[in-house]
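Here are some reading notes, written for someone meeting this structure for the first time. Please keep the sequence and the 3D view open while going through the points.

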Amino acid sequence: MNHAHSALSQGLWLCLSCEQLHRVPEGEGKISCVRCGAVIHARKTASLTRSAAFLAAAAVLYVPANMLPVITSGSLFGTQSDTILSGVVHLWQTGSGLLAAILFIASILVPGVKVITLAFLIWAVYGRWNWNPRQRALIYRGTAWISRWSMVDIYVGAVLVALVQFPVFVKVEPAPGAVAFAAVVVLTMLASMCFDPRLTWDSTEAAHG
Amino acid sequence: MVEENASRPDLPEAVAKRGGPRSPQLVWIVPIVALALGGWLAIQHFLNRGPNIEITFKSAEGIEAGKTRIRNKAVDIGVVKSVRLSEDGKSVIVDAEIDRKTAPRFLVEDTRFWVVRPRIAGGQVSGLSTLLAGSYIGVEPGTSKQKKTEFAGLEVPPVIVGDSPGKVFMVRGDDLGSLDINTPIYFRGLVAGKVVSTDASGTGEEVRVGVFIDAPYDRFVNTDTRFWNASGAEVSIDASGAKVQVQSLLTILLGGISFENPPDAPEMAPAPAKTEFVLYDNRTEAMQVHETIVERVMVKFARSVRGLKAGSAVDFRGITVGMVKRIDLEFDPQAVKFLTVVEMDLYPDRLRSRKRNAQRTAPEPKPIERLQRFVDRGMRAQLRTANLLTGQLYVALEFFPNAAKAKLDVAQTPPEFPALAGEPRELGDSVSAIAANLEKVPFDKIAQDLRDSLAALKGSLKRADALMGQISTDVAPQLASTLEQAKKTLGSAEQALSSDSPVGGDLRGALDEVRRAAESVRMLTDYLERHPESLIRGKRGESK
């Protein structure tokens, strides 16, 4: 299978907006789709660079996202700031094991795993590894699929802040960690968007001639 | 592969646009910004991390690591990080982190820490918010400059927090009663402060109560100020009758201390803080005992002092000049008789000249000498009945110029004040005299006579009863027949006298005859009156 030829090798580019395949004229400058007018590239522009940059930003913000409180809840019983981890611990201790697991997986594990896997994929392309491109493609698809669940936490937080507003009695406010956390999620999404999985095949193709 | 490209003519050729590609390097701004942001957050976090302190408490009740706050004036200035037992296991050590900015002001030697829990004391509920929100650690910064990071926490919250204007005074009393920390202090009914400390004095003979008087009331406290326990109701029965005094309904429930200056006290400078005062039992006592000169004397009475008690008044012409302090019994082995010894405090100052210091010429004699002079003039102590109903007694001082010579016996301690031998009869005595007289009445004999009389009366009544019986059986029927006959007689009489009876008609005719006869007689007498001679000559004229 790794001897299937890529479109690029045949001078064909794909418009990523309308999936129209083109022949590419010679010369410099931007090329746009003949059908929908979107700018098309052989591969996503600076895919590795952008992906790596967003990923680095996400990795940096992953630390404050988990260290800082994401939600400040005030009630008659006093004010309490919760980080994601403390929320997980609290849920676990109060017997909501399932919720704790969901929160842990969606909010801590998934972004972390995503950062690591993307880093691995980028590194693999950058280093022109030939290791198991199918597995890498699977990993990429998995990463892209799973990333949408990371936003659950932010949504829950946003809904809480919007709905639970009984001044004096209960008050829920976003804390700085929420911003960092949302940034992590958005940045990992951007990173995985910027990553062009075709690069995986390009490198293996190049290796095989 | 190019030929393959050519072999796909069906595919459209893309449109070429002018313009170079953007530099991809710009995207690295994103991680740089993220790094800067993350770095700033981290730096801020580490910068804001305040110093850690250790506070030792007896118990960590209500303190939770990571949750319990340290607060001053309801502002969080720190949070408890961990709670652990001390090495000897006798106390708990609370590790806490203090806010960096406030730390220098709070971490000094005399800073006080205490756990705020809900408390109900002195009519005030405090720390109610902790009921729901959990306890917190209160802190009151000290004034020292000496740095410190290990503190011993207070077990009882300090009552005076902050730099409240006012002064602390010490009040000594016999008994704490219902006083407690936070018990209000009243000045003429105004809440003027509160109790801040209660403890026993060094010897354990009295209690010392620290009272904090708020400004501006603290300026009313001078060295002559009286403090008294305003707890509850004060019921006193004395020579002037029964009296109930209540400060306020609240003090009945919660107790309280009142203070006031004696009404006629001169203006004095406010007392300095920590001045000690006596805590009197009640207002009367507090206001009464403002005698600075007190002379203890004793009086020996040969009679019962029932009705006299410690606190009874010593009276001179209606003015209280002293107070009975103690009553004892003394046995005189030689004479084999008992004497009641009444010790009393006299206030000689009340028996002095009204002239004030400035006008006084001669030096003031000593109080005891003054009393001596009074005794020489015939002053004697006498027991008198104050209240006939309750049998209260009081000691009266009075001048008896004709009394036997006596001296104030200063050889004894306390000096013996002479009592007047002849003492008036009291109500009890009179009552017993009456009782004795009553005893002489031969109640038993009277009762016997009464019983005899009653027996005789009973016999008479019996006889009367028999007589009545006879009357009803014998006399009554006869009486009935008699009455029947009488009725008949009356009936016939009525018949005879009725108008249409023959007897009636006859009678009327007879009476007519009589009337006519009477008329003739009158005519005759008239004629004879006019012509008396006719008696002799006979009628004239008619015969002619």
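The numbered points below treat chain B as a whole, then its barrel, then a helix pair in chain A, and then the nonpolar cores.

1. Please keep in mind throughout that this is a predicted model. In chain B, which has 544 residues, buried residues make up 22%, and the secondary structure of this chain comes to 11 helices and 26 strands. Among the contacts in chain B between residues at least 6 apart in sequence, 67% join residues that are at least 24 apart.

2. Chain B contains a closed barrel of 7 strands, which can be followed in the order β11-β14-β13-β12-β18-β15-β19, and the pairing in this barrel is mixed. From one strand to the next, the twist averages 35 degrees.

3. One pairing in chain B can be looked at in detail, namely that of strand β12 (residues 184-187) with strand β13 (residues 190-200), which run antiparallel and are joined by 4 bridges. When following this pair in the 3D view, one may start from Ile185(B), which stands opposite Gly193(B) in β13(B).

4. In chain A, helix α3 (residues 97-126) packs against helix α4 (residues 133-146) at an angle of about 145 degrees, and their axes are 10 Å apart. The contact is made on the side of α3(A) by Val110(A), Lys114(A), Thr117(A), Leu118(A), Leu121(A) and Ala124(A), and on the side of α4(A) by Arg136(A), Ile139(A), Tyr140(A), Thr143(A) and Ile146(A). Sorted by character, the residues of this contact are 7 nonpolar, 2 polar and 2 charged. The crossing of α3(A) past α4(A) is left-handed.

5. Which elements give two or more residues to the largest nonpolar core? They are α1 (47-67), α2 (84-93), α3 and α6 (176-194) of chain A, together with α2 (29-48) of chain B. This core has 42 residues, and those with the most contacts inside it are Phe54(A), Leu55(A), Ala57(A), Ala58(A), Leu61(A), Phe181(A) and Val184(A). The element that gives the most to this core is α1(A), with 12 residues. As a general background, nonpolar side chains tend to be buried together in soluble globular proteins.

6. Leaving aside residues up to four places away in sequence, Phe54(A) touches Leu187(A), Leu190(A), Ala191(A) and Cys194(A), and also Val30(B). There is, in addition, a second, separate core of 29 residues, which includes Phe301(B), Ala313(B), Leu393(B) and Leu420(B).

Note on methods
Residues numbered from 1 in each chain as written. Chains lettered and ligands numbered in written order. Predicted model: local features only at pLDDT ≥ 70, side-chain atom pairs only at ≥ 80, totals over all residues. Pairing = 2+ DSSP bridges. Axes fitted to C-alpha atoms, helices over the stretch in contact; angles between N-to-C directions. Buried ≥ 20, exposed ≤ 12 C-beta atoms within 10 Å, placed from the backbone. Contact = placed C-beta atoms within 7 Å. Left-handed = near helix turned anticlockwise from the far one by under 90°. Nonpolar A, V, L, I, M, F, W, Y, C, P; charged D, E, K, R; others polar. Core = buried A, V, L, I, M, F, W, Y, C linked by C-beta atoms within 7 Å.
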